[in-house]
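I opened this entry to log what I looked up, step by step. The structure comes first, then my notes.

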Amino acid sequence: FPVTILLSFTLAETSTSGQTTATPVLGRVAYQVLSGSSTSYTVTHNFGTRNVVVQVFDSTTYETVFTDVVRTSTNSVTITFAVAPSSGAYTAVVTG
């Protein structure tokens, strides 16, 4: 039998006077893996929250690469590869 899931959320609300009362803030940090000797990299984003999305992709083909990601603190994430990547091989993007 079919299941329907309804998601409802508000990114910003407008008061009766037309003023926006809550404006979402979205930031992005791109980080290219520069070292070829480590399997773990810390990316500092300074967003002040662990509610971030991290995506890693191949810097040449732009294909998504799956890695281990730990939201280490409210201002940084740690990305770990199974094998140390070659220098510049991957780019990480943190959005929050």
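I started with the pairing of β3 and β4. Strand β3 covers residues 53-58 and is joined to β4 by two bridges. The two strands run antiparallel. I then looked up one bridge: Phe57 has Thr64 in β4 as its partner. I keep in mind that this is a predicted model.

Next I placed that pair in its sheet. I found an open sheet of four strands, in the order β1-β7-β3-β4. The pairing is antiparallel. Strands β1 (28-32) and β4 (64-65) form the edges, each pairing on one side only. As a general note, strands of a sheet pair through backbone hydrogen bonds, either parallel or antiparallel.

I checked the whole chain for elements. It has seven strands and zero helices. From the N terminus on, the run reads β-β-β-β-β-β-β. I also looked at sequence separation. Of the contacts between residues at least 6 apart in sequence, 65% join residues at least 24 apart.

Burial came next. I get 24% of the 96 residues as buried. Which residues make up the largest nonpolar core? I list 12: Val33, Tyr41, Val43, Val52, Val54, Val56, Val65, Val77, Ile79, Phe81, Ala92 and Val94. Two or more of these residues come from each of β2 (40-44), β3, β6 (76-80) and β7 (90-95). In soluble globular proteins, nonpolar side chains tend to be buried together.

I picked Val56 from the core for a closer look. I left aside its neighbours within four places in sequence. Val56 is then in contact with Glu63, Thr64, Val65, Thr67, Ile79, Phe81, Tyr90, Thr91 and Ala92. Thr64, one of these contacts, is also the bridge partner of Phe57.

Last, I searched the whole structure for cavities. How many of 30 Å³ or more are there? I find one. The volume of the largest cavity is about 30 Å³. I noted its lining: Tyr31, Val33, Tyr41, Val43, Val56, Ile79, Phe81, Tyr90, Thr91 and Ala92. Both β2 and β7 give two or more residues to this lining. The most come from β7, with three residues. By class, I count nine nonpolar residues, one polar and no charged ones in the lining.

I compared the lists before closing. Val56 lines the largest cavity and belongs to the largest nonpolar core. Ile79, Phe81 and Ala92 are among the lining residues, and they are also among the contacts of Val56.

Definitions and conventions
Residues numbered from 1 in each chain as written. Predicted model: local features only at pLDDT ≥ 70, side-chain atom pairs only at ≥ 80, totals over all residues. Heavy atoms only, no water. Pairing = 2+ DSSP bridges. Core = buried A, V, L, I, M, F, W, Y, C linked by side-chain atoms within 4.5 Å. Buried < 20%, exposed > 50% of the residue type's maximum accessible area, 1.4 Å probe, protein only. Contact = heavy atoms within 4.5 Å. 1 Å grid on protein atoms, 1.4 Å probe; cavity = no way out; pocket = protein on both sides within 12 Å on 5 of 7 lines; lining within 4 Å. Points joined across faces, edges and corners; volume = space filled by probe spheres on them. Nonpolar A, V, L, I, M, F, W, Y, C, P; charged D, E, K, R; others polar.
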